[in-house]
Amino acid sequence: MARPGAAGDLGILSSTTDHDGMSHPLAALFSPRSIAFVGATERSVWTRAAFANLRTLGYDGKIFLVNRKGGEVLGHPAVRMIREIGEPVDVALLMVPSETLLDTLPELSAAGIRNAIILSAGFAESGAAGRELQERLMALAREHDISLLGPNCLGFVNYTNKAPVWTVSLRPQRARDAKIAIVSQSGALAAQMSYFAQWQGIGLTYMVSTGNEAGVGVAQVIDYLVDDPATRSIALFLESVRDAPAFARACLRASQAGKPIVVLKVGSSEVTVRSAQAHTGSLVGDDRVFDAVCRRFGLVRVTSLEDLILTAEVLARWGKLPEGGLGLISLSGGLCEIAADRAADAGVSLPSLSSATSARLAAALPNFGTPHNPLDVTGGALLDPSLLEKSLDAVAAEPEFAAVLAVLDVASAAADDSKLLRQLLAGVAAAQARADRATLLISHTVRPFTELSEEIIEATGCNYLPCGLEHGIRAVARAIEWSKLAREVRSSANDKCALPGLDSRPESERQVLEYLQARGVPVVPAKVVNSAQEAVHHASALGSLVALKIVSPDIPHKTEVGGVKLDITGDANVAAAYEQILTSARRAVPDARIEGVSVGPMREAGVELFVGTMRDPQWGPVITVGLGGVWVEALRDTSLRLLPISQDDALEMLDELRGKALLDGFRGTPAVDRRVAAAVIAAIGDAALALGPKLVSLEINPLRASGERIEALDGWAEWSAPSA
């Protein structure tokens, strides 16, 4: 029976592991007290780097080298075979060719080694033969109860315990208060992120490269880091999510523990998709679906390596913020104007100052200063350094602010240092210590955090990050966003998702609309008829302009085959429209199953919405809302969520549409009651879930909205093919 954390049961690790008072199943891997380098040679750049890293970090555990010739490697005695080590080893770094790995795993097992890191490439990322080799490797790992990190990875670094098993050069950390961990499917990018973090004076707790994830993947690493007391946030680089359920559980657990995950995920373009496949052999899912995943499970998504590290650091320092916007102070009016623009770009509000704060600032500022957010303290602070401190005190007391940024550069070189600068910084530090909300001092532009910077910060006590204005504002915006998500995040589990599916299988428009009506969705009161005489009789009973539409499970786009006639009145016109629709449909799609023609009342002008559900192969059912009719394809103005959704979720989706002004009574049309529309959208989502996993998609286009009247005018369902 495989132990928890072995390759065979990684997919359920985060839901089955007892985290209360027990060591995490990956603790021996990521906090090793003994390490074996298998395949170590002096010629290997990987061996030399890994060995040097042990000295760089000051690793004080046991080290074993395995070389088939024995002797010495890098001045350290080496054994010829793994079994000659003769004592337990926590983790083995395998630096052997891919073709010999299948023989190496049984040797590890025989020696009692249960954790292995595989450096070698040539597996799933290299084509069909490599994928087959990786499958055999995974099967062997399961058979021998070995947890694998890799293949095609650089290893990991546990900075907290000074335990690196990392195969490229490391630089020693200068930062003392490390809070963030890097988890990356690309080892090279992980290394670059660590170098940038050091340049910014940011400390790391862990750095983990997961590579092809034949065993331990990002989900399991996240689960491990949730339990690590030193790690306050996680910076995650993703090419793909290989185990969506485990990933969702791990992210949910991190959110519930108050540990933010900041993610940079590729896959938003066709070029990126091809590149990712060539690099890791992975498949990149729909990028907008992943945005919905981030929203559901409380992840913060960024688009650059700089923002990945800086946002994770700001979140680690601040944690969960209260509701509110951003307050900002500077000694430059021009910078305040730039800050206002960047805040608008980042989607973070700059609330106005209250009368009490304005009065307090007016008393402190020179007579040419104006209380405002962002606040220009003016050059008066150069004559009276206490002015910056007093201003920060006042702004930090403003109840409308979730966080406050002050902008001032800490010297990176001796030429930038001065007594005045240190006086200003001491005042900032004093105000930060008194503040009852999150504050941060940032630089004007991105700057290095040098040894001099470190000395100044230690002397003054400032909470400082030399990230520059643009990155700083984006980091604050994402911190506020995460805080909101953390208050709202909920489990992916829902009784509606677990429904086995109804026996009914609605396919044609009328069947779909009748099903929706039975599920509480209002639909237009149309009737399917099978003769011109029936069409005339029903149209006459309606007593209004009517719409006629072909009804067929084989014709999803009725207008393209001449299958729709609108604004029809009079018996002769109704009969003619009926015949024209049948003739056009049969000519365009001769083999289509035609159930008849629906006859329904025309409605006055309203807003046409599109509501569609689909089943993503990784994440399951999702729902999309947008402007309907022909506009859904022309404008692609849509919002997307994972199902199930609530009425409040649907309200947010409507508010995200670029064309949302149309819902509020555009040019004399009745304003749409958004709460009623949102309730209908949520009901459509529930109806789709109730049809079960064989439903591929359910579309309502249009969903007509006018005032409180919300009606589905047309519906379509697509089903997966029956199993052979």
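## Exercises on sheets, hairpins and the whole chain

In this predicted model, helix α4 (residues 101-110) lies across β1 (34-38), β5 (91-94), β6 and β7. The helix runs at about 165° to β5.

**Exercise 1.** Work out the strand order of the open sheet of seven strands, and find which strands stand at its edges.

*Solution.*
- Step 1. Read across the sheet: the order is β3-β4-β2-β1-β5-β6-β7.
- Step 2. Check the directions. The pairing is mixed.
- Step 3. Go to the edges. β3 (72-73) and β7 (147-149) stand there, each with a single partner strand, so one side of each has no neighbour in the sheet.
- Step 4. Look at how β7 is held. Strand β6 (residues 115-118) pairs with β7 in the parallel sense, over three bridges. Asn 115 stands opposite Ser 147 in β7.

**Exercise 2.** Trace the pairing of strand β25 (residues 620-627) and decide whether the strand is buried or exposed.

*Solution.*
- Step 1. Start with β24 (residues 607-616). Eight bridges join β24 to β25, and the two run antiparallel.
- Step 2. Find the turn. β24 and β25 form a hairpin with three residues between them. Asp 616 stands opposite Gly 620 in β25.
- Step 3. Take the pairing with β26 (residues 638-642). β25 and β26 are antiparallel, over five bridges. Thr 624 has Leu 640 in β26 as its bridge partner.
- Step 4. Apply the cut-off: buried means under 20% relative accessible area. Eight of the eight residues of β25 are buried, so the strand is largely enclosed by the rest of the structure.

**Exercise 3.** Describe the hairpin of β27 and β28, and say which residue takes a positive phi.

*Solution.*
- Step 1. Count the bridges. Four join β27 (residues 695-706) to β28 (residues 709-712). The strands run antiparallel.
- Step 2. Place a facing pair: Ser 706 stands opposite Arg 709 in β28.
- Step 3. Inspect the turn. Two residues lie between the strands, and Gly 707 has a positive phi near 60°.

**Exercise 4.** Sum up the protein chain: its elements, its extent, its burial and its charges.

*Solution.*
- Step 1. List the elements: 24 helices and 29 strands.
- Step 2. Box the C-alpha atoms. They fill roughly 100 × 80 × 45 Å along the principal axes.
- Step 3. Assess burial. Of the 724 residues, 56% are buried.
- Step 4. Turn to the surface. About 30000 Å² is exposed, and carbon and sulfur atoms supply 51% of it.
- Step 5. Tally the charges. There are 68 positive and 83 negative side chains. The centres of the two sets lie 2 Å apart.

Key:
Residues numbered from 1 in each chain as written. Predicted model: local features only at pLDDT ≥ 70, side-chain atom pairs only at ≥ 80, totals over all residues. Heavy atoms only, no water. Pairing = 2+ DSSP bridges. Contact = heavy atoms within 4.5 Å. Axes fitted to C-alpha atoms, helices over the stretch in contact; angles between N-to-C directions. Buried < 20%, exposed > 50% of the residue type's maximum accessible area, 1.4 Å probe, protein only. Areas by Shrake-Rupley, 256 points an atom, 1.4 Å probe, with all protein chains shown as cover. Lys, Arg positive; Asp, Glu negative; His and termini not counted. Charge placed at Lys NZ, Arg CZ, Asp CG, Glu CD.
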